[in-house]
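Me: I've got a model open and would like to learn how to read its contacts. Can you walk me through it?

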Amino acid sequence: MTTTEPDRSELERQFEDTIGRDQRIEPRDWMPDGYRSTLVRQIAQHAHSEIIGMQPEANWITRAPSLRRKAILLAKVQDEAGHGLYLYSATESLGADRSELTGKLISGKQKYSSIFNYPTLTFADVGVIGWLVDGAAICNQVPLCRCSYGPYARAMIRICKEESFHQRQGYELLMTMMHGTQGQRRMVQEATDRWWWPSLMMFGPPDADSPNTAQSMAWKIKRHTNDELRQRFVDMTVPQAEALGVTLPDPHLRWNAERGRYDFGEIDWTEFTAVIKGNGPCNAQRVAQRRRAHEEGSWVREAAAAHAEKQRALRQVRPGEGAA
Ligand code: BYC
């Protein structure tokens with residue numbers, strides 16, 4: 001008996017149909033090569049961002065001002081490791097190899113978010129990262145819960161819940177500092193000044209200069225453009241800054257009643273380009289640290305592989321045993 005394989009145009013039709021009906025593409029479904037490679041690129045960068053994003057905050061774990069703040073920060077950084085792992089798993093469902101992706105990160109061949117190339121100079125930066133960086137991440141990532149690729153969309157649901165805790169802990173920390181001494185209020189303002197513009201850059205280049213947006217929107221990987229999400233973030237954040245009592249460092253920021261949105265000043269795209277090309281303030285340090293951690297962790301990977309091999313051999317000799 002011969003089975004008839006659907007031809008390529010039929011597979012393409014089924015794929016387009018699934019996307020058109022807003023249903024999910026799953027790992028075993030046929031998908032165009034470009035869809036697969038776009039997802040691997042975006043999800044890998046996202047995973048790398050979570051893992052590199054642990055560094056700026058980890059800088060403060062040993063110096064957190066109280067046991068409570070230390071416990072919160074540890075939990076947050078640990079969540080980020082978890083996010084990285086779910087996301088690497090999502091890339092594996094597309095046929096990518098996690099160790100190859102790590103190799104590309106530590107050799108500078110793959111990107112991670114520009115935001116993590118800025119230094120955390122005071123403990124207020126920890127609060128501002130929660131408020132602005134995680135706030136921007138939520139704006140960008142909530143729509144990804146509706147991404148057309150099932151494993152990514154499902155990973156994003158849990159990630160977004162945890163990001164929302166991260167955002168609140170940051171805001172609560174800043175609110176506490178704003179009710180503290182004049183020096184603490186100054187620290188919050190200075191950290192806000194440092195992180196505002198880089199947070200706006202997290203959303204990526206303006207739509208007119210974004211080579212990937214149109215196709216990613218057509219495939220329903222992205223649900224909104226970079227500029228739409230950036231605007232949503234500004235509109236959401238200005239009232240929060242007012243409630244906190246800080247000034248956002250943009251003289252052009254004002255309510256536009258006609259548009260029903262805030263107008264804001266021009267972003268320094270030269271800085272953004274320099275940072276994503278590897279020339280930001282902390283790029284070299286971040287990648288070197290990740291490379292060192294990878295090398296120092298080689299014994300763990302070897303031990304896990306040896307253990308798995310031992311279990312496999314045991315199962316062959318004595319089926320039903322060796323599952324522990
Ligand atoms: N930084 O055509 P475009 C977190 C690249 S983790 C660096 O608009 P796309 C957190 C872009 O990759 C936050 N590179 O691209 C963790 C592309 O280059 P390639 C990470 C950037 O993909 C720990 C080129 O510029 N979030 O929140 O359509 C602690 C042209 O851009 C950036 C995600 O990864 C950037 N900011 O859209 C706390 C979310 N922006 O790849 C918090 C998932 C752009 O062609 N990713 N580039 O060489 C996305 O939503 C999209 O990939 C982006 C970019 C909106 C970021």
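Me: Let's start with helix α1. Where do Arg13 and Glu10 lie, and how many residues apart are they?

Reply: Keep in mind that this is a predicted model. When you look at a charged pair, check the spacing along the chain. Here Arg13 and Glu10 are both in α1, residues 8-20, and they sit three residues apart, about one turn of the helix.

Me: What are the closest N and O atoms of Arg13 and Glu10 doing, in terms of distance?

Reply: For a salt bridge, the cut-off is 4 Å between a side-chain nitrogen of Lys or Arg and a carboxyl oxygen of Asp or Glu. Arg13 and Glu10 form one, with those atoms 3.1 Å apart. Over the whole structure, the search turns up 18 salt bridges.

Me: Now the ligand. Which residues are the closest to it?

Reply: Begin with the shell, then pick out individual contacts. The ligand is surrounded by 32 residues, with Gln45, Lys111, Ser210, Lys222 and Asn226 the closest. By type, the shell splits into 13 nonpolar, 13 polar and six charged residues.

Me: Which helix gives the most to that shell?

Reply: That's α2, with six residues. At least two residues each come from α2 (33-52), α6 (123-141) and α11 (269-279).

Me: Which atoms make polar contacts with ligand oxygens, side-chain or backbone?

Reply: Both kinds turn up. A side-chain N or O atom of Lys111 is 2.4 Å from a ligand oxygen, and a polar side-chain atom of Ser210 is 2.7 Å from one. Asn212 uses a backbone N or O atom, at 2.9 Å. The protein covers 90% of the 1,000 Å² of accessible area that the ligand has on its own.

Me: And what kind of space does the ligand take?

Reply: Its space is the largest pocket.

Notes:
Residues numbered from 1 in each chain as written. Predicted model: local features only at pLDDT ≥ 70, side-chain atom pairs only at ≥ 80, totals over all residues. Heavy atoms only, no water. Near = heavy atom within 4 Å. Polar contact = N/O pair within 3.5 Å; in protein donor to acceptor, adjacent residues only side chain to side chain. Areas by Shrake-Rupley, 256 points an atom, 1.4 Å probe, with all protein chains shown as cover. 1 Å grid on protein atoms, 1.4 Å probe; cavity = no way out; pocket = protein on both sides within 12 Å on 5 of 7 lines; lining within 4 Å. Sits in = over half its atoms within 2 Å of the grid points. Helix = DSSP H or I, 4+ residues; strand = E, 2+ residues; numbered from the N terminus. Nonpolar A, V, L, I, M, F, W, Y, C, P; charged D, E, K, R; others polar.
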